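Good morning, everyone. Please bring up the model on your screens, and let's walk through it together.

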Amino acid sequence: MSLEETKLPGDGVLEAKEKEEFDYSQRSQWLRAAVLGANDGLVSTASLMVGVGAVKKDDKAMLLSGIAGLFAGACSMAIGEFVSVYSQRDIELAQMKRESRLEGGSINIDRSQLPNPIQAAGASALAFGVGAMVPLLAAGFLSSYKVRLGVVSIAATMALFVFGWIGAVLGRTPVASSTMRVVVGGWMAMMVTFGLMKAVAGVGGF
């Protein structure tokens, strides 16, 4: 047996560990993408509801704006993810074909290893919807204008803390600073939307 063919006793264990780390990396990427999608759904829907609430005190208008934001955002996320992942799939498929030709072998491609655009689109839409449901459920059964705005803001803040913490753990980044960035970013989005809608209402007389 040649030196190149000789395997050390620990090679099998090392390969298993590397495979396990790769699998964990793949799973964490999917989970982190799901958390980011849920965070997008939370922030955009909460900001939309707070913005409409700055102009209209009607509880139905605020709730309908949130529902419309959920549907529009989920569709947008799904379509965007489908196009993006499909492009990535085409690139990887073309690369595999080029490598097979260079090696002089037959083109035998395992398509199960390629990214699935339909799965990615569904996951993105679902994650966005989960995040968007937080402010919708918080405001769905409240009729008082001030209480409704307050509950939406509090519910969004609590969810931002949770999403920020999960994202930091999965991304292996400092939990405190990463979580605060998510919370502050969400609050800025809601406050800017609220302020701009107040200004638009003042100028347009809504």
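One term before we start. I'll call a residue buried when its relative accessible area is under 20%. With that cut-off, here is the list for helix H2. Its buried residues are Met-62, Ser-65, Gly-66, Gly-69, Leu-70, Gly-73, Ala-74, Ala-78, Val-85, Arg-89, Leu-93 and Ser-100. Keep that list in mind. We'll come back to some of those names.

Now the overall picture. This is a predicted model. The mean pLDDT of the protein chain is 81, and 79% of the residues reach 70 or more. The weak spot to mention is residues 1-7, where the pLDDT is below 50. Beyond near neighbours in sequence, that stretch has one contact in the model. Where pLDDT is low, the predicted coordinates should not be read in detail.

What is the chain built from? Five helices and zero strands. From the N terminus, the order reads α-α-α-α-α. Buried residues make up 32% of the 206 residues. Look at the contacts between residues at least 6 apart in sequence. Of those, 73% join residues at least 24 apart.

Next, the record. The unreviewed UniProt entry places the feature "transmembrane region" at residues 30-55, 62-86, 120-142, 149-170 and 182-201. Let's compare two of those spans with the model. Residues 120-142 are 87% helix and 0% strand, with end C-alpha atoms 35 Å apart. Residues 149-170 are 100% helix and 0% strand, and their end C-alpha atoms lie 31 Å apart.

Now the core. Which residues touch the most other members of the largest nonpolar core? They are Leu-42, Met-49, Val-152 and Phe-163, out of 24 residues in that core. The elements giving two or more residues are H1 (11-55), H2 (59-102), H3 (117-139), H4 (145-171) and H5 (175-204). H4 gives the most, with eight residues.

Take Leu-42 as an example. Leaving aside neighbours within four places in sequence, Leu-42 is in contact with Gly-131, Ala-132, Val-134, Pro-135, Ala-156, Ala-159, Leu-160 and Phe-163. Phe-163 is another of the core residues I just named.

Move along to Thr-45, also in helix H1. Thr-45 has 1% relative accessibility, so it counts as buried. What does Thr-45 touch, not counting residues up to four places away? Gly-66, Gly-69, Leu-70, Phe-128, Ala-132, Pro-135 and Leu-136. Gly-66, Gly-69 and Leu-70 were on our buried list for H2.

Back to H2 itself. How far should a helix of 44 residues span? At 1.5 Å a residue, H2 should span 64 Å, and its end C-alpha atoms are 64 Å apart, so the two agree. At the start of H2, a side-chain oxygen of Asp-58 reaches to within 3.2 Å of the backbone nitrogen of Lys-60.

Between those two in sequence sits Asp-59, which lies in H2. Is Asp-59 buried or exposed? Partly exposed, because its relative accessible area is 30%. Not counting residues up to four places away, Asp-59 touches Leu-142, Ser-143 and Arg-148. Asp-59 and Met-49 are 10 residues apart along the chain, and their C-alpha atoms are separated by 9.9 Å.

A little further on in H2 comes Ser-65. At 12% relative accessibility, Ser-65 counts as buried. Setting aside neighbours within four places, Ser-65 is in contact with Leu-48, Met-49 and Val-52. Notice Met-49 again, from the core.

Over to helix H3, and to Ala-138. Ala-138 counts as buried because its relative accessibility is 17%. Ala-138 touches Val-151, Val-152 and Ala-155, not counting residues up to four places away. Val-152 is one of the core residues from earlier. Ala-138 and Gly-150 are 12 residues apart along the chain, with 9.7 Å between their C-alpha atoms.

Last stop, H4. This helix has 27 residues and reaches 38 Å from first C-alpha to last, close to the 39 Å expected at 1.5 Å a residue. H4 is followed by Arg-172, whose phi is positive, near 55 degrees.

To wrap up: five helices, zero strands. H4 gives the most to the largest nonpolar core. And treat residues 1-7 with care, since low pLDDT means predicted coordinates should not be read in detail. Thank you.

Terms used
Residues numbered from 1 in each chain as written. Predicted model: local features only at pLDDT ≥ 70, side-chain atom pairs only at ≥ 80, totals over all residues. Heavy atoms only, no water. Core = buried A, V, L, I, M, F, W, Y, C linked by side-chain atoms within 4.5 Å. Buried < 20%, exposed > 50% of the residue type's maximum accessible area, 1.4 Å probe, protein only. Helix = DSSP H or I, 4+ residues; strand = E, 2+ residues; numbered from the N terminus. Contact = heavy atoms within 4.5 Å. Expected span 1.5 Å × (residues − 1). Polar contact = N/O pair within 3.5 Å; in protein donor to acceptor, adjacent residues only side chain to side chain. UniProt positions renumbered as here; feature names shortened; annotations may be inferred. pLDDT = per-residue confidence, 0-100.
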